[in-house]
Amino acid sequence: MTLTIRFDNRYARLPDRFFARLAPTPVAAPRLLALNEPLARALGLDPLALAAPDGVAMLAGNALPAGAEPLAQAYAGHQFGGWNPQLGDGRAILLGEVLAPDGRRFDLQLKGAGPTPFSRRGDGRAWLGPVLREYLVSEAMAALGVPTTRALAAVATGEEVWRETALPGAVLARVASSHVRVGTFQFFAAREDAEALRLLTGFVLARHYPGVEGPLGLIRAAAEAQGRLVARWMSLGFIHGVMNTDNAHVGGETIDYGPCAFMDDYHPARVFSSIDQFGRYAYQNQPQIAVWNVAQLASALLPILEGPREAAIEAATEAVHAFAPTYEAEWLARFRAKLGLATAEDGDGALAQDLLSRMATLGADFTRTFRGLATGAARAEFAEPEAWDGWAALWQARLAREGRGLDQAQAAAALANPALIPRNHRIEQAISAAVAGDMAPFGRLAAALARPFDLAPADADLALAPAPAEAVRRTFCGT
Ligand code: AMP
Ligand code: MG
């Protein structure tokens, strides 16, 4: 079995100041923990060859596949609003771009592959917990239809990583439509490197937005892509947790799963990240933060906008404002579908908000309540069932106006509301078991999450809300 990968590396053709060329640092004893076979096949890679020793060596960074041109990308970013002119891939190495059999192009990156010139004080490594967490959550997002980076494989390194205590090290093989972030543009803007901004704009337009032209077109396209993306997050109760500009993907994919979480009981102000003291990245703040991030992209691109400065600023601002209508339309479309509605009425947004505010008041479980619209079980999620009854009457009246029966609405709602999301306590259980050497809970959870609308009876426990003692209220950075 030989592993052939069809590389065609365009980022590596950009000038040297875009990255540092270096190979991953080999690890002591690579061992395959998880392999995403469907994704491997979609990339034109033979799963058997990937799982064989040579393949695992490649996934761990111990061997370079033919055609790889490994590099760490440079970027900057606003972290919690504070400017950092020098970030970059501190523990990730891009092996190259893979041309899939369907013609699409994907970055193949190893995360946790050893130190780079951008590591600052970090060790360049990852421990098993964040690697498995990103694997589970990013693959769940993909199965839910949300634009996201993907997880191809997780490999144990056989080395320890020190995070206040010794933990097992791991490498995640990540696949993405690109790894260009708002912070990549900011890196060059801060260095007043207009030439690099032009090259990067051309790269991103070709990669993500064929047919779109110029930096202004890019701002608008990125604003719309972020609008669609964040509306999807909101419709699933997903909280990214660290929406820094270096974690804002210009193609509109969810990237950098650190302290992210799906909510159990709903509250719009919910925050999980242990380092988000002031709730900057709370659930309800995500749309505003996304706009702010796109505005940072616009300011980074200002030096290469055409025409007089005043007019350029005005045009860029208008392009950033493409976020709001896209976000609102997508949010409404998603929530209409969640309510099982087939038509549009002016009051639909308010109807959805009314349900959400009743859920917030009573701490109803986000996923179970919406899934309950499809199964008839939503009432049981409300500590005070009258709160549900009041809303259900409005819902029924709305359904009557579109001439659909409850059964039709329920069937539609079943397609929009997943039974299964990666709940925090289940992720934590899978990680604890994996640290103890048992990958079975991870495997079971990953398999169930691949079909989130289609829960097998044997997996019913995975769809339960956590018991109070199981609930996870804090999540930690992926480092
Ligand atoms: P993140 O919060 O994961 O998006 O990472 C923010 C920055 O810190 C990025 O530049 C990462 O490459 C860097 N970083 C995170 N963890 C490590 C690590 N263990 N070693 C080196 N750099 C890291
Ligand atoms: Mg990051």
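In this predicted model, helix α4 (residues 128-143) supplies the largest share of the lining of the second largest cavity, namely three residues. This cavity has a volume of about 60 Å³. Going round its wall, one meets R91, K111, A126, P130, V131, E134, L172, Y257 and G478. Sorted by class, five of these lining residues are nonpolar, one is polar and three are charged.

The second largest cavity has company: a search of the whole structure turns up three cavities of 30 Å³ or more. The largest cavity has a volume of about 80 Å³. Its lining is made of 14 residues, and those closest to the centre are Q226, W233, N247, A248 and H249. Two elements, α7 (214-236) and α8 (286-301), each give two or more residues to this lining. Of the elements involved, α7 gives the most, with three residues. Here the classes are six nonpolar, seven polar and one charged.

Pockets, which are open sets rather than closed ones, can be described in a similar way. The largest pocket has a volume of about 690 Å³. As many as 33 residues line this pocket, and Q79, R91, R120, D246 and T479 lie nearest its centre. The pocket lining holds ten nonpolar, eleven polar and twelve charged residues. A careful reader may recognise one name here: R91 belongs to the lining of the second largest cavity and is also among the residues nearest the centre of the largest pocket.

Attention now turns to how two helices fit together. Two packed helices are described by the angle between their axes and by the distance between the axes. For helix α10 (residues 323-338) and helix α11 (residues 348-362), the angle is about 65 degrees and the axes are 10 Å apart. Angles of 65 to 115 degrees count as roughly perpendicular, so α10 is roughly perpendicular to α11. The crossing by which α10 passes α11 is left-handed.

Which residues in α10 and α11 meet? From α10 come W331, L332, F335 and R336, while α11 brings D348, G349, A352, Q353 and L356. By class, this contact of α10 with α11 contains five nonpolar, two polar and two charged residues. R336 of α10 and D348 of α11 both take part in the contact, and Arg and Asp both count as charged.

Note on methods
Residues numbered from 1 in each chain as written. Chains lettered and ligands numbered in written order. Predicted model: local features only at pLDDT ≥ 70, side-chain atom pairs only at ≥ 80, totals over all residues. Heavy atoms only, no water. Axes fitted to C-alpha atoms, helices over the stretch in contact; angles between N-to-C directions. Helix = DSSP H or I, 4+ residues; strand = E, 2+ residues; numbered from the N terminus. Parallel < 35°, antiparallel > 145°, perpendicular 65-115°, else oblique. Left-handed = near helix turned anticlockwise from the far one by under 90°. Contact = heavy atoms within 4.5 Å. 1 Å grid on protein atoms, 1.4 Å probe; cavity = no way out; pocket = protein on both sides within 12 Å on 5 of 7 lines; lining within 4 Å. Points joined across faces, edges and corners; volume = space filled by probe spheres on them.
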